[in-house]
Structure formats: C-alpha cells, structure tokens
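Work through the exercises below with the sequence and the model open. Each task is followed by a solution in steps.

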Amino acid sequence: MAQNRQWLFNKRPKKDIEADTLILQDTNLPEPGDGEFLLRSIYVSMDATNRLWLGDWDLYMEPITPGQPMKGFTLGEVVKSRNPAFPVGALAAGLAPWAEYSVHDGIGFSVMPNIPGLKLAEAFGVLAIAGPTALVGLMEVGRAKKGDTVVVTAAAGAVGMLVGQIAKIHGCKAIGIAGGAEKCRWLTEEFGYDHAIDYKREDVVQRLRGLAPEGVDVHYENVGGELLDAGLSVMKNFGSVVICGLISTYNSAAGDRIPGPYMFRNLIMRRLRVEGFVILDYVDKYPQYQQQLAGWMLEGRLKGRMHVEPGIERAVDALKMLYTGANTGKLMVQFGREPQGS
Ligand code: NDP
C-alpha cells in the first residue's frame, strides 16, 4: 500500500474542472527536517477560490502551476515534530497540499484550540475561513448596523448562512437569495433569515422591491452576474455593496469577456460605496474573530451546516459541487480520521 497519496495539478482547465485537471498519485511519506513537522490531514476545506488557483487570472496570491500539488486550507494532526511550536498530537490548520501527509515549517499555520462543546468539523468549518469572512465582510466592510436591511447571495452556502445569522444578531433584517426551494427553506427555518428568494424560480428584482420597499442598506455579494445587478437595482442611497465573491465567473479564463454589471450607474445614482476584500488581509485579528464566533456558537446563536465528503478520492468531485450548487453546507473533504477523543 502507498505510504502517502496526493492530488497533483496536471493540466489547466479551459472552463470547468476536467477529468485530467488533477490526478491522484502515490508518493513517499515525507520526513520533517529541523524546525519542521509532519501533518496528517483530517479535514480539507473546499473553497470556491480553489478553482481560481488553477486558472490564469491575475490573483491576490500566486496561482498553483501545473506539476505542483493542489493545495487547500487543511486541519490536521501533528504526527512527527522537530518544531516545538507544533508538538506531536497538536491540531494545526493552514494551507497544505491536498495530501494525506505533508511537511511544514509552521509559517502560515496555527495550532487550533480545542473548544469544548464544538465538534471538530464544525469548529474548522466555521472558524477557519467562512466565519471570519462573514463577520469581516458584513460588519467591517459592509458596516452593517441595527435596523439595516441586508441582502445576501449564495445565502445557503458556507459564508452566506453565517452572514444572515450575524446580521440577525446585530438587529438587521436579512434577506437571502439561494437556488431551490430546499435551500430557501433552510434560510428561514435553520439560519434565521427573515425572507428567502429562490433565484432559479423567482423574479429577484421584483421580490427584493416587495421585501425591501425602502431599499437595501447592505448588499453582500458572493455570486456576481445577474444577482449582483439585481442587488445594485434596489440599493438605498449611500448603501454599501460588499464584494466578497463572484463565484458565477470563476470557471472563466483571463481573456473571457465577463458581462456586467449593467446597473453600474447606480454607484452614482444611489451614491453607493462598493468594496471588495480578501480575508487573508485580516489574519492578525483572527483570534478576536474566532473568539467572537465561537462564543455565538456555544450560546446557540450561530449554527453551521456542514457537508463532509469522505476520502481523499472525493476531493475533485467535491470541489466541483461548489460551482453547481450541489453542496449542502460548508463543504470539506475528510482525508483522515479524527484523533480519538476529539
Ligand atoms: P458556498 O458554500 O456558498 O458554495 C457556493 C455556492 O454558490 C453554491 O452552493 C451555489 O449555491 C452558489 N453558486 C455557484 N455558482 C452559481 C451561479 N452561477 N449562480 C448563482 N449561484 C451560484 O461557498 P463559500 O461560502 O465557500 O463561498 C461563497 C463565496 O464567498 C464565493 O464567491 C467565494 O469566492 C467567496 N469567499 C470570499 C472570501 C474572501 O476573502 N473574499 C473568502 C471565502 C469565500 P446555490 O445552490 O444557491 O446556487
């Protein structure tokens, strides 16, 4: 049996991820050198941005090049260590190859605290990326305040489900947009959204006008395209538009002409403030955000819905789910078992 397996980035996809984009290969078990540790991967987060790393856009970070292992945000167990900051048995999170085992020097990694009362998958799924992104995007970039009407796209997804709940914690009215009746039901029944709009079946602009007759104060964008246009159409004067993600465009090449937004003129007509952000710029404040988010989770005010796919073999098929809406919660792949007792 192979000592280690990893996904290799083989060939750049033209649009959607293809059968030969990534290949699973057997490799040797790496040995940690001085100052390094060996990580056994447990959960690997599937993030919409992973597709961008395989593309040719000019990004916020270096893309991965063909011939290199695919990477993802990973929670693992330290199983060998020559780095005292990451002792054997510690749970560490950071950017790692999509591999069962990998060696790290600790840069960009943090030891994940054990939070009694939270399951490991839930703690990783909410606290690692989605939670800080939802909190920073809504409160710091969007500057939401009590009484605001907040609209969220991809509202039933990892980030979106949390944005709605954080908006409610702060006394806002939350309107979520998602694909399908089932996801819309979760929005109001599980995540506390006041209203849900099914963009696959309903006229989004018309519904938004009915639900927010005075206009929208904060629009939290995860999708782009027509949904961003719908949002721009119904903003209140001096409203905020948070550009968190544009997932509907991520399967495009750098040279593709992506249309819209057509309602760009409302930046003037409605005096809007539009701001994009990347959560990596906020890592210094992660302990503060994580404490806040974990507190709400333990109080039962913030819930995460997890979607865990089993086994390293599932990684590519799992990633593809994000771009079709097949994921039913914060998507991650379980590469290895949880340590006993966690
Ligand atoms: P999700 O769990 O929300 O999954 C993605 C969802 O997007 C799908 O389930 C689907 O939901 C929706 N979707 C996909 N394609 C389309 C489309 N063409 N039209 C409409 N909806 C679509 O993923 P995340 O929560 O991880 O990511 C959400 C967004 O947040 C992404 O754009 C991502 O890039 C961004 N993000 C940004 C960060 C930052 O630092 N700025 C950090 C983390 C995430 P449905 O079934 O409702 O269609």
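**Exercise 1.** Does aspartate 217 count as buried or exposed, and at what relative accessibility?

Solution. The model is predicted, so local features need pLDDT of at least 70 and side-chain atom pairs count only at pLDDT 80 or more, while totals for chains, interfaces and linings use all residues. Residues are numbered from 1 along each chain as its sequence is written, and side-chain values use heavy atoms, with hydrogens and water left out.

Step 1. Apply the classes: buried means under 20% relative accessible area, exposed over 50%, and partly exposed in between (1.4 Å probe, protein chains only).
Step 2. Aspartate 217 has 12% relative accessibility and therefore counts as buried.

**Exercise 2.** Find the salt-bridge partner of aspartate 217 and compare the settings of the two residues.

Solution. Step 1. A salt bridge is a side-chain nitrogen of Lys or Arg within 4 Å of a carboxyl oxygen of Asp or Glu.
Step 2. The partner is lysine 236, at 3.2 Å, N to O.
Step 3. Lysine 236 belongs to strand β12 (residues 235-243) and aspartate 217 to strand β11 (residues 216-221), so the bridge ties together parts 19 residues apart in sequence. Helices (H or I, at least four residues) and strands (E, at least two) are DSSP runs, numbered from the N terminus.
Step 4. Lysine 236, at 28% relative accessibility, is partly exposed, whereas aspartate 217 is buried.

**Exercise 3.** State how many salt bridges the structure holds, then describe two that link distant parts of the chain and one network.

Solution. Step 1. The count is 22 salt bridges.
Step 2. One of them joins the side chains of arginine 5 and glutamate 313, at 3.0 Å, N to O. Arginine 5 is in strand β1 (residues 4-9) and glutamate 313 is in the loop between β14 (306-310) and α9 (315-321), 308 residues apart. Arginine 5 is partly exposed at 23% relative accessible area, and glutamate 313 is partly exposed at 42%.
Step 3. Another joins aspartate 194 and lysine 168, at 2.8 Å, N to O. Here the loop between α4 (181-189) and β10 (195-198) supplies aspartate 194, and helix α3 (residues 158-169) supplies lysine 168, 26 residues apart. Aspartate 194 is partly exposed at 33% relative accessibility; lysine 168 is partly exposed at 33%.
Step 4. Salt bridges with shared partners join Glu309, Arg314, Asp317 and Lys320 into one network.

**Exercise 4.** Describe how helices α5 and α6 pack.

Solution. Step 1. Helix α5 covers residues 204-211 and helix α6 covers residues 226-233.
Step 2. Their angle is about 35 degrees and their axes are 9 Å apart. Axes are lines fitted to C-alpha atoms, for helices over the stretch in contact, and angles run from 0 to 180 degrees between N-to-C directions.
Step 3. The crossing is right-handed, a term used if the near helix is turned clockwise from the far one by less than a right angle.
Step 4. On the α5 side Val204, Val205, Leu208 and Arg209 meet Leu227, Ala230 and Ser233 of α6.

**Exercise 5.** Which residues are in contact with threonine 21, leaving aside its neighbours within four places in sequence?

Solution. Step 1. Threonine 21 lies in the loop between β1 and β2 (22-27).
Step 2. Its relative accessible area is 0%, so threonine 21 is buried.
Step 3. Contact means heavy atoms within 4.5 Å. The residues in contact with threonine 21 are Leu8, Phe9, Asn10, Lys11, Pro13 and Leu54.

**Exercise 6.** Examine the backbone at proline 261, arginine 143 and alanine 154.

Solution. Step 1. The peptide bond from glycine 260 to proline 261 is cis, with omega near 0 degrees. Proline 261 sits in the loop between β12 and α7 (266-269).
Step 2. Arginine 143 has a positive phi, near 50 degrees, and is not a glycine. Arginine 143 is in the loop between α2 and β8 (149-153) and is exposed at 51% relative accessibility.
Step 3. Alanine 154, also other than glycine, has a positive phi near 45 degrees. The loop between β8 and α3 holds alanine 154, which is partly exposed at 29% relative accessible area.
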